[in-house]
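Trainee: Could you walk me through how the labels on this one are justified? I'd like to see each value set against its cut-off.

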Amino acid sequence: MKLRQKRFMFIVAAVVGLAAAVGLVLNALENNVSLYFTPTQVANDEAPHGRSFRIGGVVEEGSVKREADGLTVNFVITDMHKSIPVVYKGILPDLFTEGKGVVAQGRVEADGVMRADEVLAKHDENYMAPEAADALKKAEAAKAAAATPASAPAASSTTE
Amino acid sequence: MGDGTGVAYFDGVKKLAINWFKYSAPTTFYGLAGKMIPWFAVSAAILLAIGLYIGFAVAPADYQQGEFYRIIFIHVPASILSMFLYLILAGYAALGLIFNTRLSAMMASAIAPTGALFAFISLWTGALWGKPMWGAWWVWDARLTSELILLFLYLGFIALHASIDDPRRADRASALLAIVGSVNVPIIYFSVQWWNTLHQGSTIKFSGTSMHVAMQQAMFITLAACWLYAIAVVLARVRSIILERERNTTWIAELPEVKG
């Protein structure tokens, strides 16, 4: 083998070995590298007890309630399987909206409510013009309206 | 006659091959780079103007972020370039180690400052955007942290190269650092898939793009402009590195701009 081929093989072997080592380390660190726990992980008792940590998910639709002092906010973080109520006193980021991503840091008290010290909004990867977003919402509403007639009679019969 | 064309073809191939390797020598590459720089620089400036015009005047506001999203026309190209330039740098460093060619190591040294600049722009614009949008300048999530490590790798490469006086030894030592550091690039790219991060996932995917058309056009045009800018700057820098390192050679003494 020529010297340059030897050097090439050496570099390839070194990079492959290093990548494998780093991969194993990162795999072992998995939960520590992640920024937050999901509500399901918290429900499965994978989150730490007695110290502050972050929960990430979506702000449940219709769950945001502001208290009379104007600063304290109650909302629910959900991952569509489990959900955790959060209380936060402070200024919310601009992107904080119902149905959108959120990451809250704080302690989960014995009553299962998180007292958050910090609330961050998590943006999604979609970029749209407002008109396009409106159109999308209308299309979804139309679809929902088209789907309801099947269930509507049942609902009305129960009320009668 | 059949023989004749065959020989001509063979000669052509041989000529192509010779020309290709000819430019891997600093002597010839110096002149070639000098001729290419204006083309890259001018087209970079034109495309940047077009891209920013579309980005700021034509593309609509975002339905959630309003005007703030326009950071992507700088942030995304800078981030992409910072990662690609590192891979190219590591590739040149490896070529230099394997073939012992002078120009490869010079190219690696020439790329490093531009890569570091793009990594810095990516982190800086991201922080400026993060405060109003996320509510924090900085979080230690996997994407942000690995991009910060990329900036440190660039700075480490530059510092290590500068700390060794013998340029050939400096090339070899910093090449090893560059190759080892290249493991970080896929970690940056896949961090948003592998772990829970505050940074959003990729908008531009192989399966398609979740983005308005004018926004896409503006972003891809500024991306192309950043590429052309990077090439122009790297070529200019490699020319001065060649001049500096080969200053004692006759071919440099005979250059019109040196003689003049």
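Mentor: Let's start with chain A, where the C-alpha centres of domain 1 and domain 2 lie 40 Å apart. This is a predicted model, with local features needing pLDDT of at least 70 and side-chain atom pairs pLDDT 80 or more, while totals for chains, interfaces and linings use all residues. Residues are numbered from 1 along each chain as its sequence is written, and chains are lettered from A and ligands numbered from 1 in the order in which they are written.

Trainee: Where do domain 1 and domain 2 of chain A run?

Mentor: Domain 1 covers 1-33 and domain 2 covers 35-122; such bounds come from an automatic or database domain assignment.

Trainee: What makes E1 and E3 of chain A a strand pair?

Mentor: Strand E1 (residues 53-59) and strand E3 (residues 72-78) of chain A are joined by 2 bridges and run antiparallel. Pairing takes at least two bridges found by DSSP, so E1(A) and E3(A) count as paired. Within that pair, Val59(A) has Ile77(A) in E3(A) as its bridge partner. Strands here are DSSP runs (E, at least two residues), as helices are (H or I, at least four), and both are numbered from the N terminus.

Trainee: Which strands form hairpins with E3(A)?

Mentor: E2(A) does, with 5 residues between the two strands, and Gly70(A) in that turn has a positive phi of about 80°. Strand E2 (residues 65-66) of chain A pairs with E3(A) in the antiparallel sense over 2 bridges, and Lys65(A) stands opposite Asn74(A) in E3(A). E4(A) also forms a hairpin with E3(A), this time with 4 residues between them and a positive phi of about 75° at Met80(A) in the turn. Here 7 bridges join E3(A) to strand E4 (residues 83-89) of chain A, again antiparallel, and Val76(A) faces Pro85(A) in E4(A).

Trainee: How many residues of each chain are in the contact between chain A and chain B?

Mentor: Chain A brings 31 residues and chain B brings 35, where contact means C-beta atoms, placed from the backbone, within 7 Å. On the side of chain A that touches chain B, H1(A) gives the most, with 8 residues. That side divides into 21 nonpolar, 4 polar and 6 charged residues. Nonpolar means Ala, Val, Leu, Ile, Met, Phe, Trp, Tyr, Cys and Pro, charged means Asp, Glu, Lys and Arg, and the others, Gly among them, are polar.

Trainee: Over in chain B, why are H5(B) and H6(B) called roughly antiparallel?

Mentor: Helix H5 (residues 142-163) and helix H6 (residues 167-181) of chain B pack at about 165°, with their axes 8 Å apart. The bins are under 35 degrees for roughly parallel, over 145 for roughly antiparallel, 65 to 115 for roughly perpendicular, and oblique for the rest, so H5(B) is roughly antiparallel to H6(B). Axes are lines fitted to C-alpha atoms, for helices over the stretch in contact, and angles run from 0 to 180 degrees between N-to-C directions. By class, the contact of H5(B) with H6(B) has 7 nonpolar, 4 polar and no charged residues.

Trainee: And what makes H3(B) and H6(B) oblique?

Mentor: Helix H3 (residues 72-99) of chain B packs against H6(B) at about 135°, with the axes 8 Å apart. That angle falls in none of the named ranges, so H3(B) and H6(B) are oblique to each other. Their contact has 8 nonpolar, 2 polar and 2 charged residues.

Methods: Two residues are in contact if their C-beta atoms, placed from the backbone, lie within 7 Å.
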